[in-house]
Amino acid sequence: MSMKIIALLLLANIYLMATEYIVITSHRNTISTLSPKQIKDIFLMKRHFINGKKIIPVNASSTQALRKAFEESILKTDREKLNRYWIKKHFQGISPPIVQSSENSIKAFVKNVDGAVGYIPRSQLDNSLKVLYEF
Amino acid sequence: MSFKFKIVSLILSVSLIPYIFLMIYMGNAFQDRYHAQTQHEMDTQLHLTIETIDRYLSTLKRDMLFISRLDIMNDIYSKDVDRRISKLLETKKNQLHLEGNLYVVDNNHTIIASSNPNEILKSYHEDSFFVQKVHSSFDGSDIGSIVLDFSLKNIKNLFKNTKDRYYYIIAYGKKVLYKKYILKDKIEVRSSLSAKPNIEIVLVQNKDKFLTLLTTYKRWFAIALFLGLVIISLISLYFVNRLIRPIIELSKVTDEITKNQDYSYRVEINADDEVGRLSTSFNKMITSMNSALTKLKDESKNRERLIEEQSKSEMLKELSEKLSRYLSPQIYHSIFTGDQDVTLTSKRKKLTIFFSDIVGFTDTTDTMESEDLSDLLNDYLNEMTIVALKHGATIDKYIGDSIMLFFGDPYSQGVKNDAISCIDMALEMRSSMDKLHIRWKERGFTKPFKMRIGIHTGYCTVGNFGSKDRLEYTIIGTSVNIASRIESTAKPDEILISEETKLLIEDRFESTKSAEIIPKGFKRAISLYRVDKIKQEKKPKDKSKHRIDTIYIQDGDLLLTDEILNNLSHEEKVELKSRLNSTMNRLRL
């Protein structure tokens with residue numbers, strides 16, 4: 001029973017993990033979907049435009065679980081590698097994406113800034129936002 | 001007012017007035033300088049303060065610029081829901097110790113974030129000096145502004161006010177933080193901020209403090225002034241005393257001299273200046289005064305002696321005049337002129353000796369009163385003496401009615417002239433007798449006196465004879481006896497002369513031989529001659545005198561007929577006039 005419960009919880013967890021976070025943009029944005037590869041390029045500041053539209057990525061703050069989940073799921077890299085990457089990029093004049101410290105602020109930012117793309121937990125989704133990807 | 005006081009006043013006024021003016025001028029200059037220095041110091045201080053303020057303001061600006069460029073400013077998009085900007089502003093405010101709040105305002109003038117949470121979402125419209133535009137970090141678009149609601153208190157915090165120096169601000173023409181209690185009496189410097197020319201910073205120095213400082217210096221100044229006055233006074237007193245001392249010395253010596261009449265005082269001043277020269281001159285003056293005074297004293301003594309001597313000599317003169325009556329004028333004269341010494345001396349000399357007497361005088365006088373006789377005798381002798389002296393005879397002596405006199409000593413005109421003078425005299429005496437007869441007749445003496453005269457010329461011993469105590473100037477010798485003998489031989493009114501005399505006078509007088517006698521003690525006879533008259537023709541040179549003589553004595557009367565007078569020459573008239581005057585004078589006596 002207990003094993004079942006644990007298994008269930010684990011399954012549920014996996015499920016939840018698989019569907020907990022969403023990559024969002026403003027409802028006004030013309031983009032409707034993004035591939036993980038596109039998302040990764042956007043957040044590593046390798047790609048700035050999608051369909052001719054300037055994309056502004058918004059990170060969650062580094063301490064948030066959201067951020068960690070995003071890095072693991074989408075960027076598929078650890079913090080150390082990431083830091084090295086940004087140090088390298090810094091010398092090329094490229095800064096990491098803007099950081100917002102809360103899900104609310106991410107949502108507010110994405111809503112207010114044209115072309116902004118952020119990620120939030122699914123639970124935070126509202127009508128003004130458009131889901132581009134789920135992870 | 002003493003001389004010293006005058007000099008001291010003069011020196012003091014000459015030295016003190018410029019000194020006081022100088023000190024006052026210096027004091028004022030010092031005050032001005034101190035004022036200028038204070039102002040300069042304040043200027044410097046203000047300048048430094050303004051630099052500090054400017055630096056502070058630019059730092060603020062830089063800080064705001066820095067903030068505006070932070071990524072966090074992108075939170076304006078998210079309306080700062082995380083309060084990240086507000087926290088930052090708050091931190092910054094505290095960090096900078098800012099008075100007033102920092103705001104982040106979006107383009108709709110809505111306060112997105114503020115150091116004062118109460119202000120958030122309010123509208124913000126005020127102008128501010130500190131406004132910094134904010135641009136998004138990703139696309140550079142204008143997303144709002146950072147505004148500092150700047151309070152001037154921030155500047156005030158930079159002021160280092162002291163008790164006596166204050167800052168205040170004039171912002172847009174209004175005094176800010178102006179302390180009312182700052183006195184009106186103050187020094188002020190002001191300057192505008194270079195970043196904000198509308199804001200002036202004023203630095204005020206309370207003049208009270210400044211004055212206190214000056215007053216302190218003024219006290220020292222007054223002390224210095226006083227000391228200067230004292231020193232100048234002492235120095236001038238010292239010099240005046242030195243200057244005056246010789247003058248006081250001089251005046252003291254003058255007083256001493258005046259008081260004691262002692263001219264031995266001298267001024268001891270050894271100065272090589274005018275006063276020194278004055279004292280030297282003074283000493284010289286005293287010396288010469290002293291010698292003059294001594295001379296004067298001597299002179300006055302001499303004068304006294306002279307007066308004494310004069311009175312003595314007057315007395316002597318008087319005495320001698322009295323004495324002279326007892327002496328023959330010639331003797332008297334020669335004794336008193338010192339020609340003849342009053343000593344027992346004698347000399348031999350050829351003289352003409354004259355003797356006369358009145359015939360029968362003793363018989364005549366027997367019947368007369370002695371007073372009358374004395375009168376008569378004196379009258380006679382007086383008249384005879386006048387005539388004798390007129391002719392220069394030396395009267396030897398009167399013996400009763402007899403007169404003895406001689407010619408040739410002490411003055412001689414030569415033996416011949418002496419003899420002539422003697423005969424002239426004898427003739428005049430005889431005519432004088434006629435005048436005496438007239439006079440005596442008037443007085444009642446009817447019996448006429450007749451005189452007889454004997455004259456002889458011969459050597460005699462003449463001089464002072466007698467003892468040392470009682471001397472007599474007289475002549476002795478045979479000739480004297482002969483003359484006396486001749487006289488006693490003569491008849492009344494007769495002038496008998498010896499041959500010796502006759503030989504001397506014969507060219508002047510007519511004479512006839514009368515008799516021959518052998519005087520007592522003589523072995524040889526002496527021829528005697530009677531003098532008759534003056535030879536008229538034999539005196540051409542002295543004609544006038546002779547004629548006048550003739551006129552005068554003819555028979556004892558004046559022969560002044562008109563004929564005679566008309567025939568007189570001018571010289572004769574003069575001679576006659578002089579004789580008549582002389583006679584008149586005698587009559588007056």
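Two strands count as paired when DSSP finds at least two bridges between them. Strands β10 (residues 394–399) and β11 (residues 402–407) of chain B are joined by five bridges. The model you are looking at is a predicted one, and this briefing walks through chain B, from its overall make-up to a strand pair, a helix pair, one buried residue and the side that touches chain A.

**Chain B overall**
- Chain B holds 14 helices and 16 strands.
- Of the 589 residues in chain B, 23% are buried.
- Among contacts in chain B with a separation of 6 or more, 63% are between residues 24 or more positions apart.

**The β10–β11 hairpin**
- Strands β10(B) and β11(B) run antiparallel, and together they form a hairpin with two residues between them.
- In the turn of this hairpin, B:G400 has a positive phi of about 65°.
- If you want a register point for the pair, B:I395 stands opposite B:L405 in β11(B).

**The α8–α9 helix pair**
- Helix α8 (residues 370–390) and helix α9 (residues 415–442), both of chain B, have axes that come within 9 Å of each other and cross at roughly 145°.
- The crossing of α8(B) past α9(B) is right-handed.
- On the α8(B) side, the contact is made by B:L376, B:D379, B:Y380, B:E383, B:M384, B:V387 and B:A388.
- From α9(B) come B:M425, B:E428, B:M429, B:S432, B:L436 and B:W440.
- By residue class, this helix contact has nine nonpolar residues, one polar and three charged.

**A buried aspartate in β9**
- B:D357 sits in strand β9 (residues 346–358) of chain B.
- B:D357 counts as buried because it has 21 C-beta neighbours inside 10 Å, where the cut-off for a buried residue is 20 or more.
- Leaving aside residues up to four places away in sequence, B:D357 touches B:D401, B:S402, B:M451, B:R452 and B:E487.
- One of these partners, B:E487, is 130 residues from B:D357 in sequence, yet their C-alpha atoms are 7.9 Å apart in space.
- Another partner, B:S402, brings us back to the hairpin, as strand β11(B) covers residues 402–407.

**Where chain B meets chain A**
- On each side of this interface 11 residues take part: 11 of chain B are in contact with 11 of chain A.
- The chain B side is made up of five charged residues, three polar and three nonpolar.

Technical notes
Residues numbered from 1 in each chain as written. Chains lettered and ligands numbered in written order. Predicted model: local features only at pLDDT ≥ 70, side-chain atom pairs only at ≥ 80, totals over all residues. Contact = placed C-beta atoms within 7 Å. Nonpolar A, V, L, I, M, F, W, Y, C, P; charged D, E, K, R; others polar. Axes fitted to C-alpha atoms, helices over the stretch in contact; angles between N-to-C directions. Helix = DSSP H or I, 4+ residues; strand = E, 2+ residues; numbered from the N terminus. Left-handed = near helix turned anticlockwise from the far one by under 90°. Buried ≥ 20, exposed ≤ 12 C-beta atoms within 10 Å, placed from the backbone.
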